[in-house]
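Dear colleague,

I am handing over the structure we spoke about, and below it you will find an account of what came out of going through it. Please read the two side by side.

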Amino acid sequence: MKQTLFYLPTEIFGRPLFGSGLLFWLILILGAVAVLRATLRKRSDDALFYATITALGAFVVRVVGPRIAESDGFPIRGYGVFLMTAITVSTLLTIWRAKRRWNYPADAILGIVFVAAFCGICGARLFYVVEYWPDVRAASFGATLINIVDVTNGGLVVYGSILGGLAAVIAYLALKKLPILATLDLFAPALLLGLAIGRIGCLMNGCCFGGPCDAPWGVVFPAGSPAHQLQMEEGTTSLYGLTLALPETSTPTAQTAEDAQTVQTAQTAKDAQTAQTADAKKDVLPLKGAHKNLATATFAPVYVAAVDPGSAAEEAGIVPGARICELGLVPRGLLAADAKARRAEIRRYRPENNAQVFYFFLHIWAGSPDFDVWAVVQDPPTAAENAENAENAENAENAQTAQTAQTAENAQTAENASGEKSETTQTAETAPIVPTGKTASTGKLREIVFRPAPSTARPVHPTQLYSSATAFLLCLVLLGIARVVKRDGLVFASLLILYPINRFCLELIRVDEESFLGTGLTVSQCVSLGLLAVGLSLFVWLKATPPRRALDGFFPTSPTSPGSPETPETPTAADKTIKTGKSGKTDK
């Protein structure tokens, strides 16, 4: 995994490149020259194409560029590099095959590629934004817009690219009156080749990963990667040395449910008292930000299930069974004793469930080099306190039973002595039996300051490499099919049949997508089934129609090479013109 390959300078000779800088004006000047030349040559299509490219480039440089630039310069992401490489190589393969077999004009291929690439990327991004909207949405509209258009860090879904690019290409081919099925056959192998290359970019970016893998080829992503964050959230690896208990087992096992409720009530009252006596109104900050889906409103006390031996959390004194009451950020190196006196410098948060603790560590603190983690933890009750709590619970239960029996006896007495007001009054004034004993004991609260170290991620299946290898093999299969079939559309139908099957199987290994609408299948698996149905239907329809090769003779100057399997067998229109005279008879 290497998300950033290198950085480009954002200034040259003290002049900025992005924003309204040199690069912005260079794009505008070159675009204006290209549009002017196309207009003078009366090529309106080319003029519109150049104008669109110029507007898109100017928008990216003027608006997106300054937002993406970092302190080290403009980042060149590995994902973006492989994405552009995939588009370039796929285009070259298509141009070579189209020119060699059909004499398909290169400029026509480039026009189709531009439409397919632009609309495919838009569709892929739109698919991702809809599926992962909580992760894309930001605090402001401008930040959300930047997150939507920023594809340099990944966030493209293959099926969105296929659906968006396919719809746009079909419309473009119909507009240009080019053979639709034959052209889709031409592009089908190149699409899989581009996918094979693009999946390497997914590996560089750390997305599209698989589940835990114990095989030797398992890949270990670095700390902080998407795979590592998911493992921490699921508890398969510790959260900076801590493993949180699941909500349904969040209370110490030595306590009963009644004890846990008593402890929770007592702690809630203590938290309220602490909040009221705080010296500042802004002592506890809300857990909000770009990932609001992690900061839910559900309340479930946060307990520690396990602590990694030798971790900073263990050295700070956190033990299994402890409850995390508050978290905060303090300047680096500030001790707990000093933090008490310098409370105003602590950015305090009160997590109400496990998700908010993950949110704090992963998105608020996030390994900041300038801050340590401050926490208020409540130690679990000791064995003596647990025994006392159990005794109190038993006394309370016995008292409740006695009170119930006394109430029933009083009711019976009142019924038998009907009309005797004195007995009725005595029954009504009978005081309830109050259980004796102390309230449930709770562990003491402690303030600690520590600097957690990230845990190590577990090996996962390199599904990016699986997808790349299978896409390359399917590309070879489609190239072989293209050499033997004599019917337009069969290559494209094969793509719609083979790739969904491949993707459906890969989704069984991947763990980065959730079930869609309770079906037990991911979004990609549901789309796979839909495309598979379309592919099978197209295949059946093609087999029921007469064979047709629309590109045979479509471009009159198609080269011939006798004996070649890719040589068109039908005479071209240009050949017919040469062999026949004006009368239509064959020249001798």
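Contact, as the word is used in this message, means heavy atoms within 4.5 Å. On that footing, residues 24 or more positions apart account for 78% of the contacts in the chain that have a separation of 6 or more. Please keep in mind throughout that this is a predicted model.

As for the overall make-up, the chain has 19 helices and 11 strands, and buried residues make up 41% of its 588 residues.

Three helix pairs are described here, starting from the N-terminal end. The axes of helix α1 (residues 22-40) and helix α2 (residues 44-68) come within 8 Å and cross at roughly 175°; since angles over 145 degrees count as roughly antiparallel, α1 and α2 are therefore roughly antiparallel to each other. On the α1 side the residues that meet α2 include Leu23, Phe24, Ile27 and Leu28, while those contributed by α2 include Tyr50, Ala51, Val61 and Arg62. Divided by class, the residues of this contact of α1 with α2 are 12 nonpolar, 4 polar and 2 charged.

Helix α4 (residues 106-131) and helix α8 (residues 180-205) pack at an angle of about 75°, with their axes 12 Å apart, which means that α4 is roughly perpendicular to α8. Their contact is made by Ile109, Ile112 and Val113 of α4 together with Thr183, Leu186 and Phe187 of α8, and these residues divide into 5 nonpolar, 1 polar and no charged.

Helix α4 also holds leucine 110, which counts as partly exposed at 45% relative accessibility. Not counting residues up to four places away in sequence, leucine 110 touches Thr91 and Ile95; from leucine 110 to threonine 91 the C-alpha to C-alpha distance is 7.5 Å, with their positions 19 residues apart in sequence.

The remaining pair is helix α17 (residues 490-507) and helix α18 (residues 523-543), which pack at an angle of about 155° with their axes 8 Å apart, so that α17 is roughly antiparallel to α18. The crossing in which α17 passes α18 is left-handed. Among the residues that make this contact are Leu496, Ile497, Pro500, Ile501 and Phe504 of α17, and Leu529, Leu532, Leu536 and Phe539 of α18. By class, the contact of α17 with α18 has 16 nonpolar, 4 polar and 2 charged residues.

Outside these pairs, alanine 312 lies in helix α11 (residues 312-315) and is partly exposed, with a relative accessible area of 22%. Leaving aside neighbours within four places in sequence, alanine 312 is in contact with Phe450, Arg451 and Pro452. The C-alpha atoms of alanine 312 and tyrosine 240, which are 72 residues apart along the chain, are separated by 8.3 Å.

Lastly, the cysteines. A disulfide is a covalent bond between the sulfur atoms of two cysteines, and a search of the whole structure finds 0 disulfides. How accessible, then, is cysteine 475, and how accessible is cysteine 505? Cysteine 475 counts as buried, because its relative accessibility is 3% and buried means under 20%, whereas cysteine 505, at 43% relative accessibility, counts as partly exposed.

With best wishes

Note on methods. Residues are numbered from 1 along each chain as its sequence is written. This is a predicted model: local features need pLDDT of at least 70, side-chain atom pairs count only at pLDDT 80 or more; totals for chains, interfaces and linings use all residues. Side-chain values use heavy atoms; hydrogens and water are left out. Axes are lines fitted to C-alpha atoms, for helices over the stretch in contact, and angles run from 0 to 180 degrees between N-to-C directions. Helices (H or I, at least four residues) and strands (E, at least two) are DSSP runs, numbered from the N terminus. Angles under 35 degrees count as roughly parallel, over 145 as roughly antiparallel, 65 to 115 as roughly perpendicular and the rest as oblique. A crossing is left-handed if the near helix is turned anticlockwise from the far one by less than a right angle, and right-handed if clockwise. Ala, Val, Leu, Ile, Met, Phe, Trp, Tyr, Cys and Pro count as nonpolar, Asp, Glu, Lys and Arg as charged, and the others, Gly among them, as polar. A disulfide is a pair of cysteine sulfur atoms within 2.5 Å. Buried means under 20% relative accessible area, exposed over 50%, partly exposed in between (1.4 Å probe, protein chains only).
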